[in-house]
Structures are given as structure tokens and as C-alpha cells.
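Me: I should like to learn how to read the features of a protein model. Could you guide me through one?

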Amino acid sequence: MAEPETFVIVGAGLAGARGAQALRENGFSGRLLLIGEETVLPYERPPLSKGYLLGQEDFDRAYAHDQDWYRSNEVELRLGVRVDQLDRQARQVELSDGSAVNYDRLLLTTGATPRRLPIPGADHPGVLHLRDVEDCERLKRVLDEASRLIVIGAGWIGLEVAAAARIRGVSAVVAEQEQLPLLDVLGPEVAEVFAGLHREHGVEFHFGARAEEILTSGDRAVGVRLSDGTRLNGDAVLVAAGVRPNTQLAEQAQLEVQDGVVVDAGLRSSDPNVFAAGDVAAAQHPLLRQRIRVEHWANALHQPAVAAAGMLGRTAEYRELPYFFTDQYDLGMEYRGHIGPAGYDRVVFRGDVDNREFISFWLRDGVVLAGMNVNIWDAGDEIERLLASGAPVDPDRLADPSTPLSESIAR
């Protein structure tokens with residue numbers, strides 16, 4: 001009788017947990033290991049900058065599964081251990097505890113790491129980042145004690161933390177080298193909405209200047225010096241300058257890497273026995289006809305099922321459109337689609353922008369590339385169908401709330 005197969009998942013976050021779940025649900029009965037550096041059970045990360053950071057949610061709600069699920073589904077959890085070596089010829093991984101595990105199929109869900117700034121003071125232990133639950137616990141303690149928080153970077157994490165600080169009564173100063181928050185993601189038309197939202201809640205912005213030094217005193221970061229000479233003083237400094245995919249293991253194993261582990265639409269890497277999913281995967285998207293890497297919760301949630309199918313020898317493609325969401329003060333939004341490197345040539349607003357109840361659409365050559373619904377919660381499916389159609393639209397009908405979105409397609 002043949003030995004049962006062994007499947008190994010490297011990275012015990014949400015994507016890793018969902019990969020294990022999909023393998024068991026789809027009939028894999030062999031040995032299944034889930035290996036991760038953190039010592040806690042796999043969990044979802046959005047609460048770290050949203051409800052859990054605000055003290056509105058218990059962390060138990062963030063776990064992908066409880067301990068009993070892993071036990072009853074015979075998933076071997078190896079937590080608090082790092083995979084140091086991937087030997088593709090031997091089909092073996094070497095762990096930081098000195099052990100080694102042979103595999104038949106491997107799934108990389110190694111995620112991403114916050115970028116460190118190449119400036120003086122950035123490596124000081126008092127500088128804050130936000131990626132894991134320990135970072136969040138530390139930030140919560142800081143917000144309990146601080147009166148003024150400086151945030152470097154006005155992306156999603158930077159803005160969500162600034163909002164959490166203001167809600168908790170802490171002054172927030174945001175330094176961003178671009179001229180508006182989220183400019184690269186949303187463009188100036190919609191970025192202005194978020195700038196106005198935060199200004200109304202007392203956030204102080206400093207745009208158009210780079211952080212050149214983080215100022216420290218004792219065990220704390222207490223300020224930032226900007227390229228225009230401005231000195232920002234505070235009680236704590238958070239760097240929210242984006243993330244980089246954790247491709248070190250893939251690079252060591254000489255897998256193809258280009259801003260992530262390069263995988264096809266089935267999430268298979270350049271090695272047919274190795275797959276990747278979540279933040280680390282640079283995947284060919286069959287609908288968008290380009291390779292993209294998306295650093296958002298939805299990919300970690302849904303991609304692993306496709307990878308699991310491929311690991312089991314079945315055919316599947318990841319065709320979900322990029323999706324993410326945010327909650328800041330009284331603004332909640334969902335974003336679907338992908339603008340891509342070619343950019344957009346027009347933004348169409350539908351609804352009441354001033355009162356922040358609207359949908360915005362990014363168009364190129366009359367085709368909708370992406371849509372964002374702000375404080376409107378019954379339009380998601382229609383937006384997704386419009387994006388998937390790839391059909392040209394009539395901008396006037398698209399902007400008219402009395403016209404169903406399905407009838408905005410040009411005739």
C-alpha cells in the first residue's frame with residue numbers, strides 16, 4: 001500500500017488556515033501540516049486596524065478556526081517555528097527547530113512584512129508598525145497613554161490608525177510624501193473625499209514632504225523630521241509605508257519571483273509541486289489579463305481554495321475581482337476592481353459625495369475598471385456584474401441614481 005501523501009502549508013495566517021480547510025473539505029486524507037512563525041492560532045488581520053484596535057471587538061472573533069477544529073480535522077499545527085530552507089529537489093522543508101519535513105505538495109502563504117524606512121531612527125525599538133497581533137497590542141497600549149501620534153504614510157493602514165487614534169481622543173498627525181492620501185490607489189478625485197473626512201475629525205496632514213529622520217528619546221520615538229525642514233513632535237511614531245511580500249524562501253529555492261511568487265491562474269508556481277496564495281502570490285488573472293498581487297483580506301480568504309484544488313490535481317482558476325473594504329469614523333466603503341498600470345481617464349460619481357453616500361467609478365475608454373460604494377450597501381453585486389461584463393457604459397446613465405446600474409451599459 002502506498003504511503004499517504006504529505007501536504008505542507010508554510011505560513012499560518014488566514015490564507016494558510018483556509019488552505020488547510022479547503023484541502024480537508026475537498027477530500028484530502030493524507031498528512032497535513034500548517035507551519036507558522038507566530039505563536040497564536042491563525043487569524044484574520046483586518047480587526048487589527050479596525051474593531052479590535054478600537055476595543056469594539058474581542059480577538060476571539062478574528063481566529064480562522066478554534067483549536068478543536070485543527071484537532072478534529074487532523075491538521076498538524078507547528079506554531080512559533082520558521083521554515084529556513086526549501087529543498088525542491090528533495091521536496092523537503094527545514095525548520096528553525098532543527099527538524100525537517102518531506103512534502104508531496106507545498107503551499108506558500110507567507111504573507112507580507114511592513115516596509116522599514118531607510119532613514120535614521122527607523123530601526124529604533126520605539127518605532128511602531130502594524131502587522132500582527134503583538135503590534136496591535138503594543139499600539140493599543142500606546143493609544144491608552146499618548147496624547148499625540150505621528151503616522152508616516154497615508155495609505156489604508158495609516159488612515160485607519162489615524163481614525164482609531166482620533167476616536168480614542170488622541171491627536172493624529174499624518175505625514176505623506178504625495179499631495180493627498182491614497183493618491184496612488186484612488187486618484188485625486190476620490191482621495192479628496194478621504195482628506196476631507198480626516199480633516200473634519202481633526203487629523204493634521206503634512207503632504208508633499210518625505211520623512212527624513214525619526215527622532216527618539218530613550219525607549220520612545222518622539223518626532224519626525226521632514227524633507228521640507230518641518231519637525232513634527234509627538235508621543236509615538238507609527239510607520240505605515242506599505243508592505244513587501246515575504247518571498248525570501250521562494251527566492252532561496254529559486255522559484256520565479258517578481259514582486260511576489262509568480263503563479264498562474266491556478267496559483268501554481270514555476271515548480272508544479274509548489275503553490276502560493278494570499279499577499280505573497282503574484283497571480284495571472286484571467287479576467288484582467290495581467291499578473292497582479294493584491295494585499296487584501298479577500299485574496300487570503302478565497303485564493304486558497306483554488307490552490308487546494310490544484311494541489312489535488314484538479315483544474316481551477318482564481319477569477320475573483322480584487323476587493324477590499326475600510327471603516328473610518330462613520331464612513332464605510334467597499335472597493336472592487338483593478339485600475340491597472342494604464343490608469344483611468346475619467347471618474348464618475350453617483351449619489352451624494354458631500355454627505356458621503358455615493359458610488360464612484362473609474363473608467364478608461366468608456367469601460368468601468370473599478371467601483372467603490374461608500375455608505376451604500378445594496379450595490380455590491382451590481383457593481384461586480386458591471387465590472388465583469390467589460391462593456392462600455394453611458395457615463396450620464398451611470399451617474400444617475402434613478403437609472404439601474406444594469407441599464408447604464410451603452411446601447
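Reply: The following exchange takes up annotated regions, strands, a hairpin, buried residues and nonpolar cores. Please keep in mind that this is a predicted model.

Me: Which residues does UniProt list for the domains "FAD/NAD(P)-binding" and "Reductase C-terminal"?

Reply: An annotated region comes from a record, and its fold content may then be computed from the model. The unreviewed UniProt entry places "domain: FAD/NAD(P)-binding" at residues 7-303. That span is 25% helix and 29% strand, with its end C-alpha atoms 17 Å apart. From the unreviewed entry, UniProt also lists "domain: Reductase C-terminal" at residues 323-407. Here the chain is 18% helix and 42% strand, and 23 Å separates the end C-alpha atoms.

Me: In which sense do strands E10 and E11 pair, parallel or antiparallel?

Reply: One reads the sense of pairing first and then follows the chain between the strands. Strand E10 (residues 171-176) pairs with strand E11 (residues 204-207) in the parallel sense, over 4 bridges. Within this pair, Val 173 is opposite Glu 204. Between the two strands the chain passes through helix H5 (residues 183-200), giving a right-handed β-α-β crossover.

Me: What is the order of the strands in the open sheet of 3 strands?

Reply: For an open sheet, one gives the strand order and then looks at its edges. The order is E12-E13-E14, and the pairing is antiparallel. Strands E12 (211-217) and E14 (231-233) are at the edges, each with a single partner strand, so one side of each has no neighbour in the sheet. On average, with direction ignored, neighbouring strands of this sheet are turned by 25° against each other. E12 is joined to E13 (residues 220-226) by 6 bridges, and Ala 211 stands opposite Leu 226.

Me: Which residue takes a positive phi in the hairpin of E4 and E5?

Reply: In a hairpin, one examines the paired strands and then the residues between them. Strands E4 (residues 83-87) and E5 (residues 92-95) run antiparallel and are joined by 4 bridges. Val 83 is found opposite Leu 95 in E5. There are 4 residues between the strands, and Arg 91 has a positive phi near 50°.

Me: Is Ser 360 buried or exposed?

Reply: The reading rests on relative accessible area, for which buried means under 20%. Ser 360, in strand E24 (residues 357-364), has 0% relative accessibility and therefore counts as buried. Its contacts beyond four places in sequence include Val 190, Phe 349 and Met 372.

Me: Where is Leu 130 placed, and which residues does it touch?

Reply: A loop residue is read in the same manner. Leu 130 lies in the loop between strand E8 (112-114) and helix H3 (133-145). Because its relative accessible area is 11%, Leu 130 is buried. Among the residues it touches, leaving out those up to four places away in sequence, are Leu 48, Pro 114, Ile 157 and Leu 238. The C-alpha atoms of Leu 130 and Val 239 are 8.1 Å apart, although 109 residues separate the two along the chain.

Me: How many residues does the largest nonpolar core have?

Reply: One gives the size of a core, then its best-connected members. The largest nonpolar core has 52 residues, and those with the most contacts inside it include Leu 149, Tyr 335 and Trp 362. Helix H4 (residues 156-167) gives the most to this core, with 7 residues. Another core lies apart from it and has 47 residues, among them Phe 28, Val 75, Phe 275 and Ala 283.

Terms used
Residues numbered from 1 in each chain as written. Predicted model: local features only at pLDDT ≥ 70, side-chain atom pairs only at ≥ 80, totals over all residues. Heavy atoms only, no water. UniProt positions renumbered as here; feature names shortened; annotations may be inferred. Pairing = 2+ DSSP bridges. Right-handed = clockwise from strand over helix to strand, strands pointing away. Buried < 20%, exposed > 50% of the residue type's maximum accessible area, 1.4 Å probe, protein only. Contact = heavy atoms within 4.5 Å. Axes fitted to C-alpha atoms, helices over the stretch in contact; angles between N-to-C directions. Core = buried A, V, L, I, M, F, W, Y, C linked by side-chain atoms within 4.5 Å.
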